[in-house]
Amino acid sequence: MAKLGRWLAKLRKETAGRILVYGCAALVILITLAIVVFVARQGLTTFVVDKISVFKFLFSSEWNPELPASQGGPLLGSLTMSIGSLLTSGLAVLLAAPTAIIAAVFLVEIAPSWGRQVLQPAIELLAGIPSVVYGYTGLVVLVPLVRERFGGMGFSLLAGGIVLGIMILPTIASLSADSLRALPSSLKEAAYALGSTRWQTIRLVLLPAAKPGILTGIILGLARAFGEALAVQMVIGNVRHIPHSILDPVITLTSAITLDMGYTVSGSTWNNALWSMSLMLLVMTCIFILLARMAAKGREVR
C-alpha cells in the first residue's frame, strides 16, 4: 500500500506538471493569436468600413487625414512611412550585422579568456540599455556630429540607421555566438586535419555551418529595428518626404503611429489608418521571418 501511495503521488505530480507545461504553451499560442486577430481586425477596418483604397494606402505618399471629403480627403498614403522604415532598418542591419558577426567570431574562436570576460559583459550591457537612452544620446551627440561632419540638419536617415544599428548589434552578436558554440567540435577538427588554417576554418566551415543561427539573429535584430519607435523618432527628423540621400530626414511607420495616436479619436478614419500601419508592421515582420527560414532551410548541421 505504501508503494502504491508513493506511485499515485508521483503520478499526480507528473500529471500536474504536464498540465502546467501544456497550459503555458497553449496560453502563449492564444496570446499570439489574440494579438494577431485584434490587430488584423482593427487594421482592416480602414478598407472594409471606411472604404479606403488598399492600393492608395500602400502606394500613395499623400498624407492628410483631416482633409474633408468635399476636397477629396482624407488622404491616407503610407508609402513614405514604409520606405522610411525599410531604409532605416536596412541601413541598421548593414551597419550592425558585419560588426556583430565579427565580434561573435572573435568571442568564440579567437579571444583569450580575459578577452571573453571583457567582451561578453560589454555586449550584454548594450542589450540592457533602454531605447530612450540610445535615442537621447543620439540626439545630443550623433545628430550634431552628423550635421557638422556631413552637412544637413543632422536629423537624418544616417543618424537613425546608426542608432538602430547599435541597438540591434548585441542581439545579432549574442545569437551568432550561441550558434557558433553549438557547432560540433568534429567540424573544426576535420578542417584542421585537412590542413586548413584557423581563418579558412572559420570562413569556409564554421560560418556556413552556423548560418541558420546567424540568420535568426539578423532577423530578430531586424524585427527590433522595425518595431523601435522612441529612439528612432528622436533622431530621424520625422518629415513625411521620401529621402533622396542618407542625410535627409525621414519618418517611419512606428514614428508616425506614436506621433499621431495622441491626436486621433478611437474609431475615426485616422485612428483606423494607424491600426492599418500596425498591421503592415506585423505582416512585414512575418514576411521577413518566412524568407529567413526559407533561406536557412536545409543548412542545419545534423
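At 19% relative accessibility, S60 counts as buried (under 20% relative accessible area is buried, over 50% exposed and in between partly exposed, using a 1.4 Å probe and protein chains only). Welcome to this predicted model, in which local features need pLDDT of at least 70, side-chain atom pairs count only at pLDDT 80 or more, and totals for chains, interfaces and linings use all residues. Residues are numbered from 1 along each chain as its sequence is written, and side-chain values use heavy atoms, with hydrogens and water left out. Helices (H or I, at least four residues) and strands (E, at least two) are DSSP runs, numbered from the N terminus.

**Around S60**

- S60 sits in the loop between α2 and β1 (63-64).
- Setting aside its neighbours within four places in sequence, S60 is in contact (heavy atoms within 4.5 Å) with F55, G77, S78 and L79.
- From C-alpha to C-alpha, S60 and L75 are 8.7 Å apart in space, and they are 15 residues apart in sequence.

**Aromatic pairs**

- The structure holds 3 aromatic pairs (rings of Phe, Tyr and Trp, the last by its six-membered ring, with centres within 6.5 Å; planes under 30 degrees apart are stacked, over 60 edge-to-face and the rest tilted).
- One of them joins F38 and W275, whose ring centres are 5.3 Å apart and whose planes stand at 90°, so this pair is edge-to-face.
- The pair links distant parts of the chain, with F38 in helix α1 (residues 2-48) and W275 in helix α12 (residues 269-296), 237 residues apart.
- F38 is partly exposed at 46% relative accessibility, and W275 is also partly exposed, with a relative accessible area of 26%.
- Another pair, F55 and F59, is tilted, with 5.0 Å from centre to centre and 45° between the planes.
- F55 and F59 are separated by about one helical turn, because they are 4 residues apart in helix α2 (residues 54-59).
- As a general point, an α-helix has 3.6 residues a turn, so residues three or four places apart point the same way.
- Both residues of this pair are exposed: F55 has a relative accessible area of 59%, and F59 is at 53% relative accessibility.

**How helices pack**

- The axes of helix α6 (residues 157-181) and helix α9 (residues 211-227) come within 8 Å and cross at roughly 155° (axes are lines fitted to C-alpha atoms, for helices over the stretch in contact, and angles run from 0 to 180 degrees between N-to-C directions).
- That angle makes α6 roughly antiparallel to α9 (under 35 degrees is roughly parallel, over 145 roughly antiparallel, 65 to 115 roughly perpendicular and the rest oblique).
- The crossing of α6 past α9 is right-handed (the near helix is turned clockwise from the far one by less than a right angle; anticlockwise would be left-handed).
- Residues making this contact include L164, M167 and I168 of α6, and G213, I214 and T216 of α9.
- The contact of α6 with α9 has 9 nonpolar, 7 polar and 1 charged residues (Ala, Val, Leu, Ile, Met, Phe, Trp, Tyr, Cys and Pro are nonpolar; Asp, Glu, Lys and Arg are charged; the others, Gly among them, are polar).
- Helix α8 (residues 198-209) packs against α9 at an angle of about 65°, with the axes 5 Å apart.
- L207, P208 and A209 of α8 meet K211, P212 and I214 of α9 in that contact, which has 5 nonpolar, no polar and 1 charged residues.
- Helices α3 and α6 pack at an angle of about 35°, their axes 6 Å apart, and their crossing is right-handed.
- Between α3 and α6 the contact has 23 nonpolar, 6 polar and 1 charged residues.

**Buried places**

- T88 lies in helix α3 (residues 79-110) and is buried, with a relative accessible area of 1%.
- Beyond its neighbours within four places in sequence, T88 is in contact with L157, G160, G161, L164, V232, V250 and T252.
- Helix α11 (residues 253-260) is mostly covered, as 6 of its 8 residues are buried, namely L253, T254, S255, A256, I257 and D260.

**Positive phi outside glycine**

- K51, a residue other than glycine, has a positive phi near 60°.
- K51 is in the loop between α1 and α2 and is exposed, with a relative accessible area of 65%.
- N238 is not a glycine either, yet has a positive phi of about 55°.
- N238 is found in the loop between α10 (230-233) and α11 and is partly exposed, with a relative accessible area of 22%.
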